[in-house]
Structures are given as C-alpha cells and as structure tokens.
Amino acid sequence: MKRLVPLLLIVTLALAGCQGWQSALDAHGPAAHTLANMFWIFVAVLGTVWFLTMAALLLALRRRRPVDADPLVTDPGTEKRMTMTISVAIGLTLVTVITFTGLSYAAQKVLYSHKDGALTLLVTGQQWWWEVTYEDEQPSRVFTTANEIHIPVGEPVLIKLEASDVIHSFWIPNLTGKMDAIPGRQNQIQIQADRPGLYRGQCAEFCGLQHAHMGIVVIADTREDFERWRDHQVSSAIAPNDPERQRGMEIFLSRPCIMCHQVRGTDAGGKVAPDLTHVGSRRTIGAGTLTTTRGNIAAWIVDPHGVKPGVNMPTIQLEPDEVQPLASYLEGLK
Ligand code: CUA
C-alpha cells in the first residue's frame, strides 16, 4: 500500500493537469490541439519503448548460464540471434526518431502558418505585466489595456510580441505554445479559441523578481459580446458622479499617479504603467496577482511592494482618509 501512494499521487496529478484553465493538455485551439497530440504521441511511443526495454531486461536477468559453461566459448546460433535482435532494435530506433522529426516539422507548420487574422494585437512584455494594444485601421479605434485580452471565439487573432526591458515569454497553454518577447525585435504568434471561456496564461521566461506574478488572461467571447466589450474599451473613462469617487479622482489627478498611468478622458497621460481607463472592468490587478476589488486596490496603492516585492510602482504618500476615495474611483473605472 505504501508503494501505491506515490503512484496514485502521480496519476491524480497527471489527470488533474489534463483539465484546467491553464493546461497545455486541455486544448481549446488549433495550435494547442497540435501540441497536445504531439505530447500524447510521444508519451505513447516512449512509454511503449520503456516497457519493452524493461521486459527485455527482466528476460535477460532470468536467463541462466550453466555454472560450468566456458565464458569464452560462444554459440554461433546465439550470436546470430543477438546480431539480428540488435539490428532490428537499431532499425526501429531510427524509424522512431525519423517519424518524430517528421511529426515535429508538421506541427511547426501548423504553429507558424498564420491565417488572416480577425484581429491584430501588439502585446509588450514589461517587468512585470503585459501591455496590450488593439490595432485598427481607424486610429480612433486603437486602444491600450493591460493583462487581459478579449478575443472573438473561433477566429484567428495575430499577436505581435515585443518587450520593453528584458526577455519575457508569452504563453497561453490552452490556446498555443510559448513565444519569446524580445527587446528590439518583433515575434508573432497566432491564437484561436474553439469555444467561449477564460484561459489563463503566464510569462514563461524568467524575467526577474516577480516573474511568477506575470499572469495574463484571455477571454474568448462571442462576436457580439466582443464587439460590445471593444466599443466600451475604445471609449474614454466616464467621470464619476458621486462625491466620494469625485474626491478620489481629484486625489488621483493631483498625485504622481498621472506621471505613469493613463486614464483617457482626464489629464492623466502616463504611458509607462498600465492604462487605467477601464481598470475596474478587468478581473485582476497587478497582472493576475489580486482580484479587482476596492479593498485589494487600496491594499495595492498603500503598499505595492508588500504585494509584489520589486515592482516598479512607488509607494505614494497619502493621508489615511484619501485611500478609500482613491480606491473607489479606480474600482469605478468600469
Ligand atoms: Cu516576464 Cu517572466
């Protein structure tokens, strides 16, 4: 029973890994299906090879030579059989390796042949968040958001990848494989979701202290829902109409917040930190670190380094009675 426990644990973890909102084995897009199929083919073939090798080893261990046999005298029949067996094994190994290489080339073709996209996004990796710009032929329809990507379901979306500081890697396991975001050059990757849903991604290249907290979320909506979302994101922030939020806006606009953050429709035009025009509509703050609630926004403003040590956001000096209005204002930026 004691020996069974680790085995059961491995099987349970493996099965759990096959399902989930951040699992390469729970494929929901053409590229991810290709990669998941490759994985299972490799597991099946290599698993079979392992079992055959172990069986051969056991058979060899069970065979006994007579005690008085002279080790220097060989039997021509046995020699012939052994030569044959080894030749077949080498042949099979070659065939396996060549087949794997062929499969791998075929998968590369699927992964890197980009269809005409419904949408083009420019995603820039930053320490430690993702800047996302939705491109459009009409300049007035271009907008920037952060850490949350909405896409129409069933349509290919082209992602141009850049980085502003160090190398990051864009990875949405349920939808596609990894692609590096490298400073000074542009890489491209295509994502497509087969069905509506939420797919979590993660920076997959060690990029500094908060590499593990560099999450991203892709939300696949129906075309109508996506258009509604995009029309809203294109629009400027709505000015608050209750006194507390109005006070929060005044605090925001009178502090260094506006040096780094942008809220379209106000004087805040900073471009080095996430665009906050619709921050209240996003599911998380701090690139997947905290869910977007008023309390979490307040906690983040008061002590960003406590939540995410090493983060570039400085601690802003605020009076105790200024925190809640400011958090309310930001949370209200739906
Ligand atoms: Cu960005 Cu790891």
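This passage walks through the domains of a predicted model, the contact between two of them, its salt bridges and a few unusual backbone sites.

A good place to start is the overall layout. The domain assignment divides the protein into domain 1 (4-63 + 74-112), domain 2 (119-230) and domain 3 (243-331). Between domain 2 and domain 3, the C-alpha centres are 22 Å apart. Their contact draws on 19 residues from domain 2 and 19 residues from domain 3.

The size of an interface is often expressed as the accessible area that is lost when the parts come together. For domain 2 and domain 3 this buried area is about 1400 Å², with 51% of it on carbon and sulfur atoms. On the domain 2 side, three residues stand out: Trp-128, Trp-129 and Glu-148 provide 29% of the area that domain 2 buries against domain 3, more than any other three residues.

The interface also has a polar side. Eight residue pairs are in polar contact between domain 2 and domain 3, with both residues at pLDDT 80 or more. Several elements give two or more residues to the side of domain 2 that touches domain 3, namely E2, E3, strand E4 (148-152), strand E9 (197-202) and strand E10 (215-221). Of these, E3 gives the most, with four residues. Sorted by class, this side of domain 2 holds eight nonpolar, eight polar and three charged residues. One salt bridge is found across the interface of domain 2 and domain 3. Arg-283 and Glu-148 form a salt bridge through their side chains, with an N to O distance of 3.4 Å. Glu-148 is thus a residue to look at twice, as it is also one of the three residues named above for their share of the buried area.

Salt bridges are the next topic. The count for the model comes to 14 salt bridges. One of the pairs is Asp-136 with Arg-230, whose side chains meet at 3.8 Å, N to O. Asp-136 sits in the loop between strand E2 (129-134) and strand E3 (143-146), while Arg-230 belongs to helix H4 (residues 223-234), so this salt bridge ties together parts that are 94 residues apart in sequence. The two partners differ in their surroundings: Asp-136 is partly exposed, at 27% relative accessibility, whereas Arg-230 is buried, with a relative accessible area of 9%.

Arg-230 has a further partner in Glu-227, and here the N to O distance is 3.4 Å. These two residues are three apart in helix H4, so about one helical turn separates them. Glu-227 is partly exposed, with a relative accessible area of 25%.

Another salt bridge joins Glu-331 and Lys-334, whose closest N and O atoms are 3.9 Å apart. Glu-331 is buried at a relative accessible area of 18%, and Lys-334 is partly exposed at 46%. Elsewhere, salt bridges with shared partners link Asp-136, Glu-155, Arg-223, Glu-227 and Arg-230 into one network. The two pairs of Arg-230 described above, with Asp-136 and with Glu-227, can be traced in the model as a way into that network.

Finally, the backbone has some sites worth a visit. Most residues other than glycine have a negative phi, and most peptide bonds are trans. The peptide bond from Gln-127 to Trp-128 is cis, with omega near 0°. Trp-128 is found in the loop between strand E1 (119-126) and E2, and this is the tryptophan already met among the three residues of domain 2 that together supply 29% of its buried area against domain 3.

Asn-147 is not a glycine, yet its phi is positive, at about 60°. This residue lies in the loop between E3 and E4. Asn-147 is buried, having a relative accessible area of 8%. Ala-287 likewise has a positive phi, near 55°, in a residue other than glycine. The loop that holds Ala-287 runs between strand E11 (284-285) and strand E12 (290-291). Ala-287 counts as buried, at 2% relative accessibility.

Methods
Residues numbered from 1 in each chain as written. Predicted model: local features only at pLDDT ≥ 70, side-chain atom pairs only at ≥ 80, totals over all residues. Heavy atoms only, no water. Salt bridge = Lys/Arg side-chain N within 4 Å of Asp/Glu carboxyl O. Buried < 20%, exposed > 50% of the residue type's maximum accessible area, 1.4 Å probe, protein only. Domains from an automatic or database assignment. Contact = heavy atoms within 4.5 Å. Buried area = accessible area lost by both parts, 1.4 Å probe. Polar contact = N/O pair within 3.5 Å; in protein donor to acceptor, adjacent residues only side chain to side chain. Nonpolar A, V, L, I, M, F, W, Y, C, P; charged D, E, K, R; others polar.
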